[in-house]
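User: Please take one part of this model and go through it closely, starting from the aromatic rings. I would like one connected account that then places this part in the rest of the chain.

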Amino acid sequence: MRVKYVLSEVLVGLWRNVTMTIAMIITLAVSLFMLGGSGLLFQKVGDMKDLYYENIEVSIFLKTDVSKPQVDALDAKLSSDPLVKDSTYVNKEEAYKRFQQMYADAPDLVNAVKPDQLPESFRLKLNNPEQYKNIYDQYKDTEGVDEIVDQSKLLDKVFGVLTGIQNFALAIAIVMAIAALLLVANTIQVAAYSKRREVAVMKLVGASNWFIQAPFVLEAVVAGLIGSILGLVALAALKVFASGGSMQALEGLITPVSWGDIFLMFPFMAGVGGLVSAITAWVTLRFYLRV
């Protein structure tokens, strides 16, 4: 009987202040959508870093007048270097083949370049790509070395932009979460005030604090769960929208977001929405009901 009464009071409470309830749910949905989106972005940026840094190369370009003994000495030094996972020597002919493949869509450029104009090089895979600086310091003054190029310089800029977007989304989620908490507290306060006489009567007849607080707390939890469902729907809609049109061109650049990734975010969003709403409601009741 008590459970039935509590549940009925939850439904009545949600409907009694329907406009504030709708505003609370929408605000929670937006904040949880932003939280889920920033969580997915954080995960995918990490995946992208692992993917790109795993395949990153350091290129050591040699001078045009480099001698065979200098090439052999550098090859031997790279082979014994513990920082280097793998080294590949690229002569002028191989460099020209790679150049032709890279610029196959620009035949005029390919025809204007001769094989002997391209430098020889060593392409390195590092055990730890973040140790590029050590490679640069160690080989920059080696005889025959002209230039050392590290792809991670460009990737660092790309990841810097993505991290900035991630932080921006998280900041918006925090701001929206604060707004949602204020709405939850305000809604619970209004609901408690509208039932102040019933609460006073229940206290007089010996009702427990839990029994008095339960309907209000559950109202907030239900609103949080509904908001998390709407946030999940918004994430799914964003995926459908992003999978077509101009966003589809980014599929080769960023790690794709699967449906599994989105649905795995729902327990996190629901947990945060329900738990935070419940705590906010409980704290509000402690101040305004004095139970």
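Analyst: A search of the whole structure, which is a predicted model, finds 2 aromatic pairs. One of them is formed by Y89 and F122. A pair of aromatic rings is described by the distance of the centres and the angle of the planes. For Y89 and F122 the centres are 5.2 Å apart and the planes make an angle of 50°, so the pair counts as tilted, a class that covers angles from 30 to 60 degrees.

The two rings come from separate strands. Y89 belongs to strand 2 (residues 84-90) and F122 to strand 3 (residues 121-126), so the pair ties together parts that are 33 residues apart in sequence. The two partners also differ in exposure. F122 is buried because its relative accessibility is 0%, under the cut-off of 20%. Y89 has a relative accessible area of 34% and is therefore partly exposed, since that class runs from 20% to 50%.

Next comes the sheet that holds these strands. Strands of a sheet pair through backbone hydrogen bonds, either parallel or antiparallel. Here 4 strands make an open sheet with antiparallel pairing, in the order 2-3-1-4. Strand 2 and strand 4 (145-150) are at the edges with a single partner strand each, so one side of each has no neighbour in the sheet. Averaged over neighbouring strands and ignoring direction, the turn of one strand against the next is 20°. Y89 is thus on an edge strand, because strand 2 stands at an edge of the sheet.

Strand 3 also pairs with strand 1 (residues 58-62), in the antiparallel sense and over 4 bridges. Across this pairing, F61 stands opposite S121 of strand 3. Helix 6 (residues 132-139) lies across strand 1, strand 2, strand 3 and strand 4. The angle between helix 6 and strand 4 is about 175°. Y139, at the end of the range given for helix 6, has the charged end of K77 over its ring, 4.9 Å from the ring centre.

A second charge-over-ring contact involves a tryptophan: K239 lies over the face of W259, at 5.4 Å from the ring centre. W259 is also touched by A236, as is I262, when residues up to four places away in sequence are not counted. A236 sits in helix 9 (residues 209-242). Its relative accessible area is 18%, so A236 counts as buried. Between A236 and W259 there are 7.8 Å from C-alpha to C-alpha, with a separation of 23 residues in sequence.

W259 is within the range of helix 10 (residues 259-288), which also holds V276. V276 is partly exposed, at 32% relative accessibility. Leaving out residues up to four places away in sequence, V276 touches L181 and G271. V276 and V221 are 55 residues apart in sequence, with their C-alpha atoms 8.3 Å apart in space.

As for the whole chain, the protein has 10 helices and 4 strands. Their pattern along the sequence is α-α-β-α-β-α-α-β-α-β-α-α-α-α. The protein has 291 residues, of which 37% count as buried. Of contacts between residues at least 6 apart in sequence, 85% join residues at least 24 apart. The accessible surface is about 17000 Å², and carbon and sulfur atoms account for 65% of that area.

Notes: Residues are numbered from 1 along each chain as its sequence is written. This is a predicted model: local features need pLDDT of at least 70, side-chain atom pairs count only at pLDDT 80 or more; totals for chains, interfaces and linings use all residues. Side-chain values use heavy atoms; hydrogens and water are left out. Helices (H or I, at least four residues) and strands (E, at least two) are DSSP runs, numbered from the N terminus. Buried means under 20% relative accessible area, exposed over 50%, partly exposed in between (1.4 Å probe, protein chains only). Contact means heavy atoms within 4.5 Å. Rings of Phe, Tyr and Trp (its six-membered ring) pair if their centres lie within 6.5 Å; planes under 30 degrees apart count as stacked, over 60 as edge-to-face and the rest as tilted. A charge sits over a ring if NZ of Lys or CZ of Arg is within 6 Å of the ring centre and within 35 degrees of the ring normal. Accessible areas come from the Shrake-Rupley method with a 1.4 Å probe; for residues, only the protein chains shown count as cover. Two strands pair if DSSP finds at least two bridges between them. Axes are lines fitted to C-alpha atoms, for helices over the stretch in contact, and angles run from 0 to 180 degrees between N-to-C directions.
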